[in-house]
Amino acid sequence: MTGKVIISGISIILVVGVVLGVVAAVHRNGDAKAELSPKMKAVSNFCTSTDYQEACHKTLSSVNSTDPKEYVAQAILASEEAVKKFFNYSDSLIVQAKNDSRTKMALDDCKEMMDYAVQSLQASFSEVGDSELRSMNERIADLRTWLSAVISYQQSCLDGFEHDNSMKQTMTNGAVDASELTANALAIVTKLSDILSKFGLQLNIPTSRRLLSVEKDGYPSWFSAADRKLLARIDNRNLRPNAVVAKDGSGQFKTIAAALAAAPKNSKVRHVIYVKAGIYDEYITVDKETTNVLMYGDGPRKTIVTGHKNFVDGTSTWQTSTFSAIGDGFIARSMGFQNTAGPQKHQAVALRIQSDKSAFFNCRMDGYQDTLYNQANRQFFRNCVISGTIDFIFGDSPTIIQNSLIIVRRPLDNQQNTVTAQGKANADENTGIVIQNCRIVPEQKLFADRFKIPTYLGRPWKQFSTTVVMESTLGDFIQPAGWMPWAGSNFLDTLYYAEYNNRGPGANTARRVTWRGFHRIDRRTAMRFTVQSFLLARENWVPFTGIPFTAGLRY
């Protein structure tokens, strides 16, 4: 009995001691929080929204201010500096790869892509510096687009080393700082409204969207008279071009490349190039300095740019593109883009697009595997034809394809068709592929065997792959499961695949995949993936392209 009392007494002493210790610990932690300087509180407010908090604290601790805008700017600047270091790192490895042409090509590709990444980061930094903090809300869509593009370039760089695991690991290690700091900058921009609320600040929210303000003549009410006249001439095909390309010598230029070389650099006004009917066997790049080009032809089966570069013959996927649109504001009308390498040559891109606020109307993109590479930045397609076999609409940009015909071609024996392979690698990116009011059909050569050769709407190229098919007609050859895994169970819980209000025999979702990431969405959710919501910018750019569009849902 005495022993039990002694033990009880000791227990009470221990309990009291523990309680006192806890109270003391709580008191000390409270003091620590109370002692945080305004600057450290600001750093903490920003960094709690990021995935790489240690890197974030290291980056933002150098800011000698409590102005929230300074922290946003510093996050972007730190990412830019890290990308520049990765550029130099890629350059230093080229000597090691001198005897491996494919690896050397991949390293050269990385350097070029990091150059584009730096440009996107510089644009982002300027956008933050030029804005008032409370009006930042109007610029978030632009900032998210450009920072998402940086992540796309980083991923595309690393994807170029699938043939060389050793170099891929080396490059992946070298890209850690650039990847983490870019992800942090994107997270901060994406969650900026919540972050600023911790400072007692609120972003101004626009009360209306001019995109939906359209008068009887079909143009937005805010268009000037000059804008209306310009678009009317485009609609009537009576536009006066700045340059004419004709193979027969009846224009100022015989090649598209020559016309682009003569185009003004960094132009703020539209430069119009008319390409007369003909098959143009040339590899074209609308470079980053050649901006605001409108190129139109005599029709997608009459004015055709063609090429045949491919992966099997030693060219990186990124470099196989017949036509590459990089300079911002590129518009193509009534033109065809081809890669004729064939299915046996695997990856062979017809059209690759990095141009922000780019648009394509009445165009054709024909190929097999990897036909249309929506690599980065905002893109809009209307009344187009896109054909291919495996992953033939792929990339990591905010892209909407409206009122278009998507033709699935016959692949090699023992292959399967996948219409899309979207490459969103970070949850905060504003990217994805949206297919709205389109028809997905088999080509004639596939028709007889359309049930033997499986065709899927897409498969997840990256962890947060995002694809939405809505208000479209799906042929009977679409597999009942609808979607196909990339490799085992990878990404099935984190991807976002959705269908809404589709029609046709392939639209029945009763036997669709049961992945956590697949969704049958309602009208309200579908509205998030319309032109007025998904292709946001500070300026409402889609109407100014002169291309018809549906701002919301069709039905």
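The questions and answers below walk through a predicted model of a protein chain.

User: Happy to start broad: how many helices and strands are in the protein?
Analyst: Glad to help! The protein has 555 residues, and 55% of them count as buried. Among contacts between residues at least 6 apart in sequence, 70% join residues at least 24 apart. As for the elements, the count is 15 helices and 26 strands.

User: In what order do the seven strands of the open sheet stand?
Analyst: The seven strands of this open sheet pair in the parallel sense. From one strand to the next, the twist averages 15 degrees. Reading across the sheet, the order is E4-E7-E10-E13-E16-E19-E22.

User: Which strands stand at the edges of that sheet?
Analyst: An edge strand can be recognised here by having a single partner strand, so one of its sides is left without a neighbour in the sheet. That description fits residues 284-286 and residues 455-458. These are strands E4 and E22.

User: What is the bridge partner of Thr418 in E22?
Analyst: Strand E19 covers residues 417-422. E19 and E22 pair in the parallel sense over three bridges. The partner of Thr418 in E22 is Tyr456.

User: Now the cysteines: how many disulfides does the protein have?
Analyst: One disulfide joins Cys47 to Cys56, with an S to S distance of 2.1 Å. Another joins Cys110 to Cys157, at 2.0 Å. With bonded cysteines counted along the chain, the pattern is 1-2, 3-4. The count therefore comes to two, given a cut-off of 2.5 Å between the sulfur atoms.

User: Is the disulfide of Cys47 and Cys56 left-handed or right-handed?
Analyst: Both ends are buried: Cys47 has a relative accessible area of 0%, and Cys56 one of 2%. The torsion about their S-S bond is about -85 degrees. That value means the disulfide is left-handed.

User: How many residues apart are Cys110 and Cys157?
Analyst: Cys110 lies in helix H5 (residues 101-129) and Cys157 in helix H6 (residues 140-159), so their bond links distant parts of the chain. Cys110 is buried at 0% relative accessible area, and Cys157 is buried at 1%. The link is right-handed, with 95 degrees about the S-S bond. Along the sequence, the two cysteines are 47 residues apart.

User: Why is there no bond from Cys363 to its closest cysteine sulfur?
Analyst: Cys363 is buried, with a relative accessible area of 1%, and Cys384 also counts as buried, at 2%. The closest cysteine sulfur to that of Cys363 belongs to Cys384. Cys384 is in no disulfide. The sulfurs are too far apart for a bond, because the distance is 5.0 Å.

User: Which exposed residues does H3 carry on the face turned away from its buried side?
Analyst: Helix H3 spans residues 53-60, and its buried residues are Ala55, Cys56, Thr59 and Leu60. These cover an arc of only 115 degrees around the axis, which puts them on the same side of H3. The face turned away from that side carries Glu54 and Lys58.

User: Which helices do the buried residues of H3 pack against?
Analyst: Ala55, Cys56, Thr59 and Leu60 are the buried residues of H3. They pack against helices covering residues 38-47, 68-92 and 176-190. Those are H2, H4 and H8.

User: Which element gives the most residues to the largest nonpolar core?
Analyst: This core has 62 residues, and those with the most contacts inside it are Leu60 and Met171. The elements giving two or more residues to it are H2, H3, H4, H5, H6, H7 (165-174), H8 and H9 (192-197). The top contributor, with ten residues, is H5.

User: Which disulfide cysteines does Met171 contact?
Analyst: Leaving aside neighbours within four places in sequence, Met171 is in contact with several residues, including Phe86, Tyr89, Leu107 and Phe161. The disulfide that joins H5 and H6 is made by two cysteines. Both of these are contacts of Met171: Cys110 and Cys157.

User: How many residues does the second, separate core have?
Analyst: In soluble globular proteins, nonpolar side chains tend to be buried together. This second core includes Ala243, Ala325, Met365 and Phe392. Its size is 53 residues.

How values were computed. Residues are numbered from 1 along each chain as its sequence is written. This is a predicted model: local features need pLDDT of at least 70, side-chain atom pairs count only at pLDDT 80 or more; totals for chains, interfaces and linings use all residues. Side-chain values use heavy atoms; hydrogens and water are left out. Two strands pair if DSSP finds at least two bridges between them. Helices (H or I, at least four residues) and strands (E, at least two) are DSSP runs, numbered from the N terminus. Axes are lines fitted to C-alpha atoms, for helices over the stretch in contact, and angles run from 0 to 180 degrees between N-to-C directions. Buried means under 20% relative accessible area, exposed over 50%, partly exposed in between (1.4 Å probe, protein chains only). The arc is that of the directions from the helix axis to the C-beta atoms. Contact means heavy atoms within 4.5 Å. A nonpolar core is a set of buried Ala, Val, Leu, Ile, Met, Phe, Trp, Tyr and Cys residues joined through side-chain atoms within 4.5 Å.
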